Amino acid sequence: QVQLVESGGGLVLPGGSLRLSCAASGSIFSIDTMGWYRQAPGKQRELVAAITNGGSTDYAAFVKGRFTISRDGAKNTVYLQMNSLKPEDTAVYYCNAKSRLWSRPYWGQGTQVTVSS
């Protein structure tokens, strides 16, 4: 079992920044990849960014150059630094953990990000 707890969401003006955090606990030694997904109202959940244990990163095209994913192994925490936010970035952001040893990924409860003037 893995528990993921997100924090850092909120309301921000267009062009502003937010940093999301995801703290993992439980069987974290099994985790291969952690990532951030988002889901806007009426839309499917989509990958935003992911990072492997080795530090390799992957980004969705719509956030490249604006968002940065990073991890702090000592704190078992993954971050998503979001800059130059746009109204279309408004969504619930979910933390995700995957392992080749698991039959399914684990998800956090989600944190709301609203970009609006």
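When I say that a charge sits over a ring, I mean that NZ of Lys or CZ of Arg is within 6 Å of the ring centre and within 35 degrees of the ring normal. With that in mind, please look at Arg-45, whose charged end sits over the ring of Trp-107, 4.6 Å from the centre of that ring. I should say at once that this is a predicted model, and every value I quote today has been computed from it.

There is another charge placed in this way, and here the partners are Arg-104 and Tyr-106: Arg-104 lies over the face of Tyr-106, at 4.2 Å from the ring centre.

Let me stay with Trp-107 for a moment and turn to the aromatic rings. How many aromatic pairs does the structure hold? There are three, and I will describe two that involve Trp-107. Tyr-37 and Trp-107 form an edge-to-face pair, with 5.0 Å from centre to centre and 70° between the planes. This pair links distant parts of the chain, since Tyr-37 is in strand S4, residues 33-39, and Trp-107 is in strand S10, residues 106-107, which puts the two residues 70 apart. Tyr-37 counts as buried, because its relative accessibility is 15% and the word is used for anything under 20%. Trp-107, in contrast, has a relative accessible area of 35%, so we call Trp-107 partly exposed.

The other pair joins Tyr-94 to Trp-107, with the ring centres 6.4 Å apart and the planes at 90°, so this pair too is edge-to-face. Here the partners are 13 residues apart, with Tyr-94 in strand S9, residues 91-98, and Trp-107 in strand S10. Tyr-94 counts as buried as well, because its relative accessibility is 14%. If you put these pairs together, you can see that Tyr-37, Tyr-94 and Trp-107 are linked by ring pairs into a cluster.

Now I would like to move to the sheet. In what order do the strands of the open sheet of four strands lie? The order is S1-S3-S8-S7, and the pairing is antiparallel. At the edges we find strand S1, residues 2-7, and strand S7, residues 67-72, each of which pairs on one side only. From one strand to the next, the twist averages 15°.

Inside this sheet, S1 and S3 run antiparallel and are joined by six bridges, while strand S3, residues 18-26, and strand S8, residues 77-82, also pair in the antiparallel sense over six bridges. A useful residue to find on your screen is Ser-21 in S3, which stands opposite Ser-7 and has Tyr-79 as its bridge partner in S8.

In a regular strand the side chains alternate between the two faces of the sheet. You can follow this along S1, where Val-2, Leu-4 and Glu-6 point to one face and are buried, whereas Gln-3, Val-5 and Ser-7 point to the other face and are not buried.

Strand S3 also brings us to the disulfide. A disulfide is a covalent bond between the sulfur atoms of two cysteines. The count for this structure is one, and the partners are Cys-22 and Cys-95, with their sulfur atoms 2.0 Å apart. Because Cys-22 lies in strand S3 and Cys-95 in strand S9, the pair ties together parts that are 73 residues apart in sequence. The torsion about the S-S bond is about -80°, so the disulfide is left-handed. Are its cysteines buried or exposed? Cys-22 counts as buried, because its relative accessibility is 0%, and Cys-95 counts as buried at 0% too.

Finally, a word about the backbone in two loops. Most residues other than glycine have a negative phi, and most peptide bonds are trans. Asn-76 is not a glycine, and yet Asn-76 has a positive phi of about 50°. You will find Asn-76 in the loop between S7 and S8, where its relative accessible area of 30% makes Asn-76 partly exposed. Ser-84 is not a glycine either, and Ser-84 likewise has a positive phi of about 50°. Ser-84 lies in the loop between S8 and S9 and is partly exposed, with a relative accessible area of 39%.

Note on methods
Residues numbered from 1 in each chain as written. Predicted model: local features only at pLDDT ≥ 70, side-chain atom pairs only at ≥ 80, totals over all residues. Heavy atoms only, no water. Pairing = 2+ DSSP bridges. Axes fitted to C-alpha atoms, helices over the stretch in contact; angles between N-to-C directions. Buried < 20%, exposed > 50% of the residue type's maximum accessible area, 1.4 Å probe, protein only. Phe/Tyr/Trp six-rings, centres within 6.5 Å; stacked < 30°, edge-to-face > 60°. Disulfide = S-S within 2.5 Å.
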